[in-house]
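Good morning, and thank you for joining this presentation. I would like to take you through a few features of one structure, beginning with its cysteines.

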Amino acid sequence: SDRFAAAVSENGVSNQVSAWANCDTGPAYCREAGLGDPLSASGVERLWACSPLRNVAAVQTPLLMLQAADDRTCPAADNEQFFLALRALQRVVEYVVYPEESHLMQAIGRIDRRVDRHRRTVAWFDRWLSR
């Protein structure tokens, strides 16, 4: 929608089907959250129904995606699917990967990368909210 002028995503999950196996807590998380599993057609349908990638064609909001390269909870490969889909759709998107950082980069990552994360976020919103 056009509800938001800009958005920032950090270490997101865009495809629950692949996250089930690629995430360090995937099967347990999906089971506890009632999301399903890819072991049956109905489980795949439930996972896909909860996946942002399913609705990527509807995304119009400029999106800054921040990703810790070594995140095992929300792996970069998952977010890359969303990024590539947005690029294929010619949407406004930027994707920044922080090497050797984990899921909690914003709290325990290298200080220069935490500063970079803040600067990029502020600059992104300044760019799109000042229009």
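The structure contains 0 disulfides. I should say at once that this is a predicted model. Cys-30 takes part in no disulfide, and the nearest cysteine sulfur, which belongs to Cys-23, lies 7.5 Å away. Cys-30 is also buried, at a relative accessible area of 1%.

Why does Cys-74 form no bond with Cys-23? The sulfur of Cys-74 has its closest cysteine sulfur in Cys-23, at 6.2 Å, and that is too far for a bond, because a disulfide requires the two sulfur atoms to be within 2.5 Å. Cys-74, too, counts as buried, with 9% relative accessibility.

Allow me to turn to the strands. Strand S2, residues 63-68, and strand S3, residues 93-98, pair in the parallel sense, over 6 bridges. Within this pairing, Leu-66 stands opposite Val-96 of S3. Helix H4, residues 76-88, joins S2 and S3 in making a β-α-β unit, and that unit is right-handed.

My last topic is a single serine. Where is Ser-14 found? Ser-14 sits in the loop between strand S1, residues 7-10, and helix H1, residues 16-22. Is this residue buried or exposed? Ser-14 is buried, since its relative accessible area is 2%, and the cut-off for buried is under 20%. Leaving aside residues up to four places away in sequence, Ser-14 touches Ser-51, Pro-52 and Leu-53, together with Asp-78, Asn-79, Gln-81 and Phe-82.

Thank you for your attention.

Notes: Residues numbered from 1 in each chain as written. Predicted model: local features only at pLDDT ≥ 70, side-chain atom pairs only at ≥ 80, totals over all residues. Heavy atoms only, no water. Pairing = 2+ DSSP bridges. Helix = DSSP H or I, 4+ residues; strand = E, 2+ residues; numbered from the N terminus. Right-handed = clockwise from strand over helix to strand, strands pointing away. Buried < 20%, exposed > 50% of the residue type's maximum accessible area, 1.4 Å probe, protein only. Contact = heavy atoms within 4.5 Å.
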